[in-house]
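The exercises below are meant to be worked with the sequence and the 3D view side by side. Try each task before reading the solution that follows.

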Amino acid sequence: GLIKNPIFYADERKAVLKKISEKYDFHALLTKMLDLLVEKDRLRFFVAIYNAFMRELDLQIGRVRAHIKSSTPLANETKEKILNSLEERVGKKIVPILSVDSSLMAGVRASIGGFVFDGTLQTKLKRLKKELTN
């Protein structure tokens with residue numbers, strides 16, 4: 001809101017960012033980058049810049065992000081088994097992004113890039129129905 005609002009001058013937005021960066025102990029490079037984005041009126045691109053940086057970093061260190069949805073929160077042991085299984089399949093370190101989706105009824109769905117690993121009850125029932133109707 002305030003940081004992106006064009007009715008505030010860049011200096012005012014920088015002052016707010018400075019206070020935030022001090023409160024949360026931002027790295028000096030991050031603070032400089034945010035200042036530059038404010039100066040150049042490009043702060044709206046921060047999320048895109050961050051996401052592009054993280055993709056490049058992931059690529060360089062050989063890891064991928066997996067969006068993992070489950071019908072209920074996963075127990076630590078279950079989460080570890082899922083991560084180990086996914087790491088074996090893709091051959092890279094997995095950074096999990098976990099979420100709960102009660103519409104799944106049961107099971108887990110993981111997406112990595114364009115690939116989906118679906119072990120949900122809905123998918124299993126659809127496969128069974130397809131097999132029975134063929």
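**Exercise 1. A residue between two helices**

Does D25 count as buried or exposed, and at what relative accessibility?

Solution. The model is a predicted one, and every value used here is computed from it. Begin by placing the residue: D25 sits in the loop between α1 and α2, the latter covering residues 28-39. Next, take its relative accessibility, which is 66%. Because the cut-off for exposed is over 50%, D25 counts as exposed. Finally, look at the backbone, where phi of D25 is near 55°, a positive value in a residue other than glycine.

**Exercise 2. A second loop residue with positive phi**

Find where D41 lies, and then state its phi and its exposure class.

Solution. D41 belongs to the loop between α2 and α3, and α3 spans residues 46-61. The phi angle of D41 is near 55°, again a positive value in a residue that is not glycine. With a relative accessible area of 43%, D41 is partly exposed, since that class holds what lies between the 20% and 50% cut-offs.

**Exercise 3. The order of elements and the overall form**

Describe how the helices and strands follow one another along the chain, and set the radius of gyration of the chain beside the value for a compact globule.

Solution. Count the elements to start with: the chain has 5 helices and 4 strands. Read from the N terminus, they run α-α-α-β-α-β-β-β-α. Then turn to the overall dimensions, for which a compact globule of 134 residues would have a radius of gyration near 14 Å, whereas the chain has 21 Å. The box filled by the C-alpha atoms, taken along the principal axes, is roughly 65 × 30 × 25 Å. As for burial, 22% of the 134 residues count as buried. The exposed surface of the chain comes to about 10,100 Å², with carbon and sulfur atoms supplying 59% of it. Among contacts between residues at least 6 apart in sequence, 51% join residues at least 24 apart.

**Exercise 4. Charged side chains and their pairs**

How many salt bridges does a search of the whole structure find, and what can be said of the pairs E22 and K18, K81 and E77, and D58 and R65?

Solution. Start from the charges: the chain has 25 positive and 16 negative side chains, and the centres of the two sets lie 5 Å apart. Side chains of opposite charge can pair when their charged atoms come close. The search of the whole structure finds 7 salt bridges.

In one of these pairs, the side chains of E22 and K18 meet at 3.9 Å, N to O. Both residues belong to helix α1 (residues 10-23), and because they are 4 residues apart there, about one helical turn separates them. E22 is exposed, with a relative accessible area of 53%, while K18 is partly exposed at 49%.

A further pair is made by D58 and R65, whose side chains meet in a salt bridge at 2.7 Å, N to O. At 6% relative accessibility D58 counts as buried, whereas R65, at 26%, counts as partly exposed.

Move on to helix α4 (residues 76-90), where K81 and E77 lie 4 residues apart, about one turn of the helix. These two form a salt bridge in which the closest N and O atoms are 3.6 Å apart, and both K81 and E77 are exposed. Elsewhere, salt bridges that share partners join D58, R63 and R65 into one network.

**Exercise 5. Separation along the chain and in space**

What are the sequence and C-alpha separations of R13 and R127, and of T72 and A28?

Solution. R13 is placed in helix α1, and at 10% relative accessibility R13 counts as buried. R13 and R127 are 114 residues apart in sequence, and their C-alpha atoms are 54 Å apart in space.

For the second pair, T72 is found in the loop between β1 (63-70) and α4, and at 47% relative accessibility T72 counts as partly exposed. T72 and A28 are 44 residues apart along the chain, with their C-alpha atoms separated by 39 Å.

Methods: Residues numbered from 1 in each chain as written. Predicted model: local features only at pLDDT ≥ 70, side-chain atom pairs only at ≥ 80, totals over all residues. Heavy atoms only, no water. Helix = DSSP H or I, 4+ residues; strand = E, 2+ residues; numbered from the N terminus. Rg over C-alpha atoms; globule rule 2.2 N^0.38 Å. Buried < 20%, exposed > 50% of the residue type's maximum accessible area, 1.4 Å probe, protein only. Contact = heavy atoms within 4.5 Å. Areas by Shrake-Rupley, 256 points an atom, 1.4 Å probe, with all protein chains shown as cover. Lys, Arg positive; Asp, Glu negative; His and termini not counted. Charge placed at Lys NZ, Arg CZ, Asp CG, Glu CD. Salt bridge = Lys/Arg side-chain N within 4 Å of Asp/Glu carboxyl O.
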